[in-house]
Amino acid sequence: MQALVDQVVADPNPNPGAFLLARRGSDDRFGAAGVADRAAGTPMAPDLKFRTGSVTKTFTATVVLQLVAEHRLRLDDTVQSLLPDQVRADNALSGAPITVRQLLNHTSGLYDYIDGLLPYFRGLDQYWPRDQLIRIGLAQPRYFPAPGTRFRYSNTNYLLLDLIVERITDRDLRTNLERRVFTPLGLRDTSYPLAQTVIDGAHVHGYADVSLLLPNAPDPTRFDVTAFSPSEAGASGALVTTAADIARFYRALLRGRLLPQGLLRRMLTDTVPTTGSAPPAVAYGLGVYVYATKCGRAYGHGGSAPGYLTYVLNSRDGRDQLVAHTNWNSFAGTGIDEDFWAAFQQGYCQRPG
């Protein structure tokens, strides 16, 4: 494990630090290399908090599916019927109906608001109201007119799910996450901040290339972006947690503690192919990626946030798990680094012996 993370931070890679946490039943193994904070020289460690990016989507999807289990929502309900006030003659919801299922599995065709943020950027710590982000996402034409016909990843989908959860429960997503997931599972180091840019407690600092946004910044290719506002991601990526809490969540989810078995099965098998969109994933379910590894299929999610890159792999029964993290990412979140994928796939597939 140590050799694997050493190669992730070795020059010429820009990553200041990285860690891998592997679980095989009750056996934990980890490797950590580099630093969590360049200024302080704090060593990287898997027990530090970090921003998870889109790993948040599995948490959000779990809450949505719990509402389905409670018969307060159906997968075939349309966004237009659930959020009639969001429909405008000149926005993307005025076209063919989009279902909750299509939001969950990214087949809605809705434009990704992330791609339209640059003209509105005023600083790393600016607060982004959810309604503004949704408006940006709905103001552009759909990627394709017929929902359900193909996969196209869009963070706009999960902001709409956030709004649906709030309308149905009369509580915000944070409250739902705390009551339905964090507290029952004892995830004491997990939080869903929006307005707070400071990460409480010992944490990993994130670094990114900000040449486009802050060209005059010192060391713009590895600039500390830890204070970037999580409101920019919301239900699609605002979660702060630790590797141990992530592993505990996915193990509980895959063992049926959070969803009835029928809905859990649908979460993992009601999939669409992701060919050409998110390699090395082969499919996307209801808030979960299906990955092809050299030791078989794995379930989980990737998380890309400014300064942070996280990937989670789990066996179907949750026994075998891996959480991999590095604290450098391009500001645009261009996706997985090949060396990083090779390292964490090897960490997931190797067995104690």
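Guide: Welcome! A nonpolar core is a set of buried Ala, Val, Leu, Ile, Met, Phe, Trp, Tyr and Cys residues joined through side-chain atoms within 4.5 Å. The model we are looking at is predicted.

Visitor: Which residues touch the most other members of the largest nonpolar core?

Guide: That core has 114 residues, and F59, L65, L104, F249, M267 and F344 touch the most other members. Helix α8 gives the most to this core, with eight residues.

Visitor: What makes β3 and β8 edge strands?

Guide: The sheet is open and has nine strands, in the order β3-β2-β1-β13-β12-β11-β10-β9-β8, with antiparallel pairing. β3 (42-43) and β8 (272-273) each have a single partner strand, so one side of each lacks a neighbour in the sheet.

Visitor: How do you know that helices α1 and α8 pack on the sheet, and which strands do they touch?

Guide: Contact here means heavy atoms within 4.5 Å. Helix α1 (residues 2-9) touches β1 (17-24), β2 (27-37) and β13 (320-326), and its direction makes about 25 degrees with that of β2. Helix α8 (residues 243-254) touches β1, β11, β12 (308-314) and β13, and its direction makes about 35 degrees with that of β1.

Visitor: How do you know that β8 and β9 count as paired?

Guide: Pairing needs at least two bridges. Two bridges join β8 to β9 (residues 281-284), so the pair qualifies, and the two strands run antiparallel. Within this pair, P273 stands opposite A283 in β9.

Visitor: And what joins β9 to β10?

Guide: Three bridges do, again with the strands antiparallel. The bridge partner of Y284 is Y289 in β10. β9 and β10 form a hairpin with four residues between them, and G287 in the turn has a positive phi of about 90 degrees.

Visitor: How many bridges pair β10 with β11?

Guide: Five bridges pair β10 (residues 289-293) with β11 (residues 296-305) in the antiparallel sense. Here T293 has G296 in β11 as its bridge partner.

Visitor: Why is α2 called roughly perpendicular to α7?

Guide: Helix α2 (residues 56-69) and helix α7 (residues 173-185) pack at about 80 degrees, with their axes 10 Å apart. Angles of 65 to 115 degrees count as roughly perpendicular, so α2 and α7 earn that description.

Visitor: Which residues meet there, and what kinds are they?

Guide: F59, T60, V63, Q66 and L67 in α2 meet L173, N176, L177, R180, V181 and F182 in α7. The residues of this contact divide into seven nonpolar, three polar and one charged.

How values were computed. Residues numbered from 1 in each chain as written. Predicted model: local features only at pLDDT ≥ 70, side-chain atom pairs only at ≥ 80, totals over all residues. Heavy atoms only, no water. Axes fitted to C-alpha atoms, helices over the stretch in contact; angles between N-to-C directions. Parallel < 35°, antiparallel > 145°, perpendicular 65-115°, else oblique. Nonpolar A, V, L, I, M, F, W, Y, C, P; charged D, E, K, R; others polar. Buried < 20%, exposed > 50% of the residue type's maximum accessible area, 1.4 Å probe, protein only.
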